[in-house]
Amino acid sequence: MAHDALLQRITARPEVFGGKPIIRDLRISVELILSLLAQGETPEAIVQDYPGLEPDDIRACLAYAHAVM
């Protein structure tokens, strides 16, 4: 999936999580996913632990982090 298409999976609205970026309005923050990855969780384990997440959502979090750095 292209970088721009991945970034479209990330949303931020002031009324949800105080405007923090989240994945596709699932109320799962980008910050949480990046933290889990930093702790050594695999993308496959994260997707399995959070119903509704897709592998492209994990890639979208990484693309978002890259875009804002």
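**Getting to know this predicted model**

Buried residues make up 29% of the 69 residues in this protein, and the model is a predicted one.

Q: Why is Ile22 called buried?
A: Buried means a relative accessible area under 20%. Ile22 has a value of 1%, so the residue meets that cut-off.

Q: Where is Ile22 found, and what makes that stretch a strand?
A: Ile22 belongs to strand β2, which covers residues 22-23. A strand needs a run of at least two residues, so residues 22-23 qualify.

Q: Which residues is Ile22 in contact with, leaving aside its neighbours within four places in sequence?
A: The list includes Arg9, Ile10, Val16, Phe17 and Ile28. To count as a contact, heavy atoms must lie within 4.5 Å. For Arg9, 13 residues apart from Ile22 along the chain, the C-alpha atoms are separated by 8.4 Å. The cut-off refers to heavy atoms, so the C-alpha separation alone does not decide what counts as a contact.

Q: What pattern does the protein follow along the sequence?
A: Reading along the chain gives α-β-β-α-α-α, with four helices and two strands in the protein.

Q: How do you know that the protein is as compact as a globular protein of that length?
A: Its radius of gyration is 11 Å, and the globule rule gives 11 Å for 69 residues, so the protein is as compact as a globular protein of that length. The C-alpha trace spans about 30 × 25 × 20 Å along its principal axes.

Terms used:
Residues are numbered from 1 along each chain as its sequence is written. This is a predicted model: local features need pLDDT of at least 70, side-chain atom pairs count only at pLDDT 80 or more; totals for chains, interfaces and linings use all residues. Side-chain values use heavy atoms; hydrogens and water are left out. The radius of gyration is taken over C-alpha atoms; the globule rule is 2.2 Å times the number of residues to the power 0.38. Buried means under 20% relative accessible area, exposed over 50%, partly exposed in between (1.4 Å probe, protein chains only).
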